[in-house]
Amino acid sequence: MPEGGADNTTEANMSNEKWANLSESEWKDRLTAEEFDILRKEGTERSFSHEFNDVAPGGTFVCAGCALPLFEYETKFDSGTGWPSFYTHIDGAVETKKDFKLVFPRTEYHCARCGGHQGHVFKDGPEPTGLRYCNNGLALDYVEKA
């Protein structure tokens, strides 16, 4: 699957437990090297390096690891940061934890199904939430509305 993310038809049939128990080797077989670094090793891509800064309206952004729907297009906004940004997520789609890798603590979020690292959430977003979910583009796939 290294050509670019999850196979949505196969992945939909896997249970959450199976996703949680994939080995590092199985993840490496499913993902590109760059996707693996971000999703499984909590890496970060360069800003302004991904096409999701400009996509057609109406679709859904899904986890590149397991195809779980994470964000609706309508919640995306231009934060000026160079990473896809959203003011909210689909209910139950992400989980958070504190990240102490920098001098100050941040809130990291990841896919609720496979645990794949997506990005960080900040309190400088637009209304109605005031939040900015700053996502790695390589951690997402985009499914256009049918």
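Colleague: What makes Gly115 stand out in the hairpin of β6 and β7?

Modeller: In this predicted model, Gly115 takes a positive phi near 80°, and the hairpin has five residues between its two strands. The strands themselves, β6 with residues 106-111 and β7, pair in the antiparallel sense over four bridges. Since two bridges are enough for strands to count as paired, the four found between β6 and β7 satisfy the criterion.

Colleague: Which residues stand opposite each other in β6 and β7?

Modeller: The bridge partner of Glu108 is His120 in β7, and Tyr109 stands opposite Gly119 in β7. On the side of β5, Lys97 stands opposite Glu108 in β6, and six bridges join β5 to β6, which run antiparallel.

Colleague: How do you know whether β6 is enclosed or open?

Modeller: Six of the six residues of β6 are buried, so this strand is largely enclosed by the rest of the structure. Strand β7, residues 117-122, is mostly covered as well, with five of its six residues buried.

Colleague: What does β7 pair with besides β6, and in which sense?

Modeller: β7 also pairs with strand β8, residues 132-135, in the antiparallel sense and over four bridges. Val121 stands opposite Tyr133 in β8.

Colleague: In what order do the strands of the open sheet lie?

Modeller: The sheet has six strands in the order β3-β4-β8-β7-β6-β5, with antiparallel pairing. As a general matter, strands of a sheet pair through backbone hydrogen bonds, either parallel or antiparallel.

Colleague: Why are β3 and β5 called edge strands?

Modeller: Each of them, β3 with residues 76-77 and β5 with residues 94-99, pairs on one side only. For β3 the partner is strand β4, residues 85-86, with antiparallel pairing over two bridges. As at least two bridges are required for a pair, the two bridges of β3 and β4 meet the requirement. Within this pairing, the bridge partner of Lys76 is Phe86 in β4.

Colleague: How do you know whether Cys111 forms a bond with its closest cysteine?

Modeller: The sulfur of Cys111 is 3.5 Å from that of Cys66, the closest cysteine sulfur, and a disulfide needs a pair within 2.5 Å, so this separation is too far for a bond. Cys111 is buried, with a relative accessible area of 1%.

Colleague: What can be said in the same way of Cys114?

Modeller: Its closest cysteine sulfur belongs to Cys63, at 3.6 Å, which is again too far for a bond when set against the limit of 2.5 Å. Cys114 is buried too, with a relative accessible area of 5%. The structure as a whole holds zero disulfides.

Colleague: Why is Gly43 called buried?

Modeller: The relative accessible area of Gly43 is 10%, and because the term buried applies under 20%, Gly43 qualifies. Gly43 is found in the loop between α4 and β1, where it touches Asp37, Ile38, His117 and Asn136, leaving aside residues up to four places away in sequence. Of these contacts, Asn136 lies 93 residues from Gly43 along the chain, with the two C-alpha atoms separated by 8.9 Å.

Colleague: Which residues have the most contacts inside the largest nonpolar core?

Modeller: They are Phe61, Leu70 and Phe71, in a core of 27 residues. Two or more residues of this core come from each of α4 (33-41), β1 (60-63), β2 (69-72), β6 and β9 (140-143), and α4 gives the most, with three residues.

Colleague: What does Phe71 touch, not counting residues up to four places away in sequence?

Modeller: Phe71 touches Thr60, Phe61, Phe86, Thr88, His89, Ile90, Tyr109, Tyr133, Asn135 and Leu140. Among these, Phe86 is the bridge partner of Lys76, Tyr109 stands opposite Gly119, and Tyr133 stands opposite Val121.

Colleague: How many helices and strands does the chain have?

Modeller: There are four helices and nine strands, and from the N terminus on the elements run α-α-α-α-β-β-β-β-β-β-β-β-β. Of the 146 residues, 47% count as buried, and the accessible surface comes to about 7,800 Å², of which 50% belongs to carbon and sulfur atoms. Among contacts with a separation of 6 or more, residues 24 or more positions apart account for 56%.

Key. Residues numbered from 1 in each chain as written. Predicted model: local features only at pLDDT ≥ 70, side-chain atom pairs only at ≥ 80, totals over all residues. Heavy atoms only, no water. Buried < 20%, exposed > 50% of the residue type's maximum accessible area, 1.4 Å probe, protein only. Core = buried A, V, L, I, M, F, W, Y, C linked by side-chain atoms within 4.5 Å. Contact = heavy atoms within 4.5 Å. Areas by Shrake-Rupley, 256 points an atom, 1.4 Å probe, with all protein chains shown as cover.
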